[in-house]
Amino acid sequence: MQILKHKTNFDFIGKRKPAIFISTIINLAIIVGIAAAGFNLGVDFAGGTVVELKFNHSVSPTEVRERAQKGGLHDVSVQNIGSSDENAFLLRMGGVTQLTEENATKAKAAIQGLGTITNVYPDLANGIINFRSTTQLTPKAIRDAVVASGTGVQEVRDLGESSSGHGFDYQVVASGMADKVREVLSQGQETPDFEQRRVDYVGPQVGKQLRNRGIMALVYSMLAILIYVAFRFDFKFGPGALLAMVHDVVMVAGYYLVSRREFNLTSIAALLTIVGYSVNDTIVIYDRIREDMVKYKGKPLAEVINIAVNDTLGRTILTSGVTALSLIGLLIFGVGEIFDFAMAMLVGIIVGTYSSVYIASPLTIWLDERAAAKAARSGGIDRQQPNAA
Amino acid sequence: MDRGWWWKFGFIVAVTLGTIWFLIPTYYSLVVLDRDQRNNLAVLEQRLPAWAPPARYRLNLGLDLQGGIHMVMRVDTKTALQKRTERRGQQIASYVNDKKLGEVTADTDPEQLQLTLKAKDPATMDAIEKEVLATFTDFKRVSRDGATLVLSPDEGQTNRFREEAVDQAMLVIRRRIDKWGVAEVDVRKLGTDSIQISLPGRSNPEQAKELVGTTAQLEFRMVDDTNPQFFAQMLQQTPPPEGSNITLTQEGGFPQLSSPSREALLAYVKDKTPEGREVLTECIANPVKKNECSAYRSFLVEKNVPLTGESLAGADASLGSLNEPEVNLAFDAQGAREFEKLTEAGVGRRMAIVLDENVHTAPNINEKIGGGRARITMGRMGARSFEEWLGEAQTLALVLKAGALPAPVTVGEIRQVGASLGDELIKKGSLAALVGLALVVVFMAIYYRKSGLIADVALLLNGLLILAGLAFFNATLTLPGIAGFVLTLGIAVDANVLINERIREELSHGKSARAAVDQGYDRAFWTIFDAHVTTLIAGFILFFTGTGPVRGFATTLIVGLLASLFTSIVVTRVITTYFVHGRNAQRVSV
């Protein structure tokens, strides 16, 4: 059996200009879209809390939301996951701790009622209130006062007497949102009618850290692969491979942008794998170009590349097909992140195949042409006539 | 077939058998054992046949697949360092005043972690600067402007302090989790200032957070030394159970029980403790791995808790009259009265300072202590360096003041997965992997016929090798890991597509079956190699930057790619060669 019965002879090189033009437009549109609308960032990067609940009877998302709002959780989004008879929901809360602006004002007032208090400043992002008291207070009294004002307290830290002798420093750490979800939703029930199946909580600083690390990982791996390609092949091949990589990563990022699927750590893993895969595909064709350059010495580079791309076309399609085939199981049975991962990989495989043929290969010619033109301008020997394009 | 072929063939058979043998512990832990025993290595070891590999080489399931809690705690070393710099500033100021060098005030800038000394009389500053820099070597000069001198703490010192704070926090967290009795906990450092905690099988994140994050209970309790031979006699009357490793030690003048296992020690003394008394343990820190306990020692203390940390107003480390480190305690008014009463009644006895039910230290009461101020001297210097000795006093002071954690700890990340969800994910994940695998296998067999079947054999071996490889490296299988597994199978089969396409091409050029196969493999080798290496680069970067489940994905990808290099190139070639060379076939089925 064969996918391509006869040897193909498509003129890929001739169509490189429209292909590169369209790709550039789409890429730019995606980058503008990311800058303007941004990703639907998951808790991994944005910080926040996600709770997955499974009820033991049928409920609608509206009911769940109403129950949460009645208990004082206003900023909650409720989403049904799985089939509707599973009664499973994802609850997302943007705030990381219970210290909302409203709560912080109340807590501040409560603390000021404890004595002569100076320098109360709530740090909403981290859910911490720092303050100084002229008299010594017990952690228990502080905790009771703040809890009574409506904010759950994880810990009260006694930081000791300030060294300048003006008072005693304390720090109140508010409880996380996840603690409140269970409490609020099970209000008035002896045993909760739901099971808390999953909690993801990421603090704001960790979120930022994870995001930076993810971006650095992408940049490092592209650089490392580029160095490898330059080392194994010719420098000429480097830019083509790099641009194809960037193209594929941007396209897959576009998938996350347009589909509004959650962008999280697994998405970074998908992007990194696509970086590897994209080069993998490109290298197979480069390998053949290199081989054919020796074989068809004297022929213009453009023609050699066309032959190489056509010769490997069958395998290029097959490979992508087989890898895509292995993802089908994940697409059918995968839930949540894993479905997104498989989908992103599928997009990556398709654009990766396209970019190897239409972007990575023609770009080597472009570099060659430039080099030749430069040589001609500086009066060098016109050794190889680039293909008229 | 030539000799070289037989060698290769034998090697492949050996690898295959070895792989299957190596997966026996995994099979037992996931299929034979009940799910609540999955993590119990001792039970697994018992059930395994004698010829099987050791139980620790079983494939771990990630927390997302078996349920449990993953937490990252951030140690806020900045706040602790700030306080420390502030304290040092006051010490420097009073030193300068004591030495009659002049009069200075010390101020700290919390953002920059800098200390600003201002002299009342600018003329004295030159002498002060010289003296301060010579005496307080843990500070460096940043700038000097007339009467103002800016200092910053020495970087080596602050780094050491930071490291100590994280180590200390880890030790405290480990002790608290020990108290909870969770098997298979994993506490490790993450980066410079974070601690990662894995609690398999636990489902209540609030409880976990409370356990590791909140201030510990500090208690002052009297040690019962009325019968100094209490533990010695106990050991004589009832020999400890076999394997508990309980021994008698004499350090500090009183015989104590010592054991590497806290549980074993407490279980042994459980019914042998008199009314109104309790046995508590002290953790002897491992000299190499400072955040682990190498042994636990027993103390007989009174159940009555006369004084708690709530009455403690402050604690500070300083040098005593004989230049030995000591910790000064200050109590509030009520605590001072309580403490005076306690020490009056207890002269000559020991008082245990108990943190989280662990005895931290048990100093002797030398005299009645009034006025709410007490001093704990740090014992003999022994084999320690002076710095270590002083460091111990500083740590104790911090521990007393901050309630066990030398630096505040905040929760950076919590991920909890319920056991039922984990089970569901395993089911769905393995089904997805099997469907993907089956589709690829069928496709290859149809498209390449016999060569496709050979590639399928290699693919199955590849799957087994990935699982065995993960087990060998003690890696964990996570949900993204399963995705990585599937993806790697795709990449592995891609190598065979490359080879087979090449063989077809060579055949179409009119080459003989033998030549086509040889050329196909030779020509495709470097292509496959390059393709694998580039994906490996991405995998390694993901491994070193990722955490948790993502790291599981990277591990699977790396192991899978390495296995794929072997199976898709070496294994298929040996089998194909058998069909082409061995039988002198003129045709090759691709």
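What does chain B average in pLDDT, the predictor's 0 to 100 confidence in each residue? Chain B averages 82, and 90% of its residues score at least 70.

This is a predicted model, in which local features need pLDDT of at least 70, side-chain atom pairs count only at pLDDT 80 or more, and totals for chains, interfaces and linings use all residues. Residues are numbered from 1 along each chain as its sequence is written, while chains are lettered from A and ligands numbered from 1 in the order in which they are written.

**View 1. Confidence along chain B.** Helix 1 (residues 3-22) of chain B has the highest mean pLDDT among the elements of that chain, 93. At the other end sits helix 8 (residues 205-213) of chain B, with the lowest mean, 67. Helices here are DSSP runs (H or I, at least four residues), numbered from the N terminus.

**View 2. A kink in helix 11 of chain A.** This helix (residues 313-333) has 21 residues and reaches 31 Å from first C-alpha to last. That's close to the expected 30 Å (1.5 Å times one less than the number of residues). A kink of about 30° is centred on L327(A); the bend is the angle between axes fitted to the seven residues ending there and the seven starting there.

**View 3. Helix 11 meets helix 12 in chain A.** The axes of helix 11 and helix 12 (residues 337-377) of chain A come within 9 Å and cross at roughly 170°, so the two are roughly antiparallel (over 145 degrees). Contacting residues (C-beta atoms, placed from the backbone, within 7 Å) include L327(A) of helix 11 and L346(A) of helix 12.

Notes
Axes are lines fitted to C-alpha atoms, for helices over the stretch in contact, and angles run from 0 to 180 degrees between N-to-C directions. Angles under 35 degrees count as roughly parallel, over 145 as roughly antiparallel, 65 to 115 as roughly perpendicular and the rest as oblique. Two residues are in contact if their C-beta atoms, placed from the backbone, lie within 7 Å.
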